[in-house]
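Visitor: Could you take me on a close look at one place where two helices pack together, and at the salt bridges around it? I am in my first year, so please explain the terms as you go.

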Amino acid sequence: MEELILYIQSKITINSVIEIAIIAFLIYKVLKWMRGTQAEQVVRGIAILLVLAPLSSWLKFTTLNYIITMLFTWAFIIFVVVFQPELRSALEQLGNNRFFRRIYWRADKNSVARDVKEITKAVESLSKQHIGALIVCERDTGLKNIMDTGIQLDSDISRELLENIFTPNRPLHDGAVVMKLWSNRLCAAGCLLPLSDNRYLGSELGTRHRAGLGISEKSDAFTIIVSEETGTISYTEKGILNRGMTAGDIEELLLDRFTQEESDDDKGFLKLWGKKDGKKQENTHE
């Protein structure tokens, strides 16, 4: 027994411990990425095939074993073709991870807080006047392809500019504004967003809400929506629409999302389930 313990200790090095930690973290990230997507169902199917392959060989089911083996041969190509959008999204999130972003950029908390105040003042004013608005705040996933659909501004963030953009009958009124709070820039206006095709959305929600929800399904952006009909303030995040917010709620959420030193993912991968914010949530994955 002592010889076995000594043998194991001799094999365990600092490099092996680091390697195990990296593999565990990667597995966690992959499982988190797959949760709630079509890829989750495919992985379950592959797991079943992994069980059937040795079982069919052991039971001498030659034809069944041949079919399963052929499926595994083409599985990688089929997976890449079918889930190209999901794989692209995963690679974008990896490339835009805030850990790497911190290497070359660190947001100034005071300037971010000042911009957040300007945004919430504009949202409150637009809500009172029943003027529709759609404000997208970029986070880790780059939105250059969305910005390219609108008019490039690259300006400071201000209440006056936001109110002017969304004033009715102006050229940029119907589009979305895209900004980078971590660099204090309002990047583009009049941008086109992908619409959510979720069939569970209520008929009272218009194009503006579907667009806000659609961008949250394609990226990790934080999007603020002001209803033109009711003046109701909403926000979308991670594919969830949260309605019935106040300007104060939005300010608190923006400060939480863009002035924290680290996100829940950065604090440790053992925290699998985070607390959801908002007075009312509509889970669009149900």
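Guide: Happily! Helix 7 and helix 9 pack at an angle of about 40°, and their axes lie 8 Å apart. Two packed helices are described by exactly these quantities, the angle between their axes and the distance between the axes. Here axes are lines fitted to C-alpha atoms, for helices over the stretch in contact, and angles run from 0 to 180 degrees between N-to-C directions. Helices (H or I, at least four residues) and strands (E, at least two) are DSSP runs, numbered from the N terminus.

Before going closer, a word on the source: this is a predicted model, in which local features need pLDDT of at least 70 and side-chain atom pairs count only at pLDDT 80 or more, while totals for chains, interfaces and linings use all residues. Residues are numbered from 1 along each chain as its sequence is written, and side-chain values use heavy atoms, with hydrogens and water left out.

Back to the pair. The crossing of helix 7 and helix 9 is right-handed; a crossing is left-handed if the near helix is turned anticlockwise from the far one by less than a right angle, and right-handed if clockwise. On the helix 7 side, the residues in contact (heavy atoms within 4.5 Å) include Ile-119, Ala-122 and Leu-126, and on the helix 9 side they include Arg-159, Leu-162, Glu-163 and Phe-166. The residues of this contact divide into five nonpolar, one polar and five charged. Ala, Val, Leu, Ile, Met, Phe, Trp, Tyr, Cys and Pro count as nonpolar, Asp, Glu, Lys and Arg as charged, and the others, Gly among them, as polar.

Now to the salt bridges, each a side-chain nitrogen of Lys or Arg within 4 Å of a carboxyl oxygen of Asp or Glu. In helix 9, Glu-163 and Arg-159 form one at 2.7 Å, N to O. These two are four residues apart in helix 9 (residues 159–166), so about one helical turn separates them. Arg-159 is partly exposed, at 30% relative accessibility; buried means under 20% relative accessible area, exposed over 50%, and partly exposed in between (1.4 Å probe, protein chains only).

Helix 7 has a salt bridge too, between Glu-124 and Lys-128, at 3.9 Å, N to O. About one helical turn lies between Glu-124 and Lys-128, because they are four residues apart in helix 7 (residues 109–128). Glu-124 is partly exposed at 37%, whereas Lys-128 is exposed at 65%. The whole structure holds 10 salt bridges.
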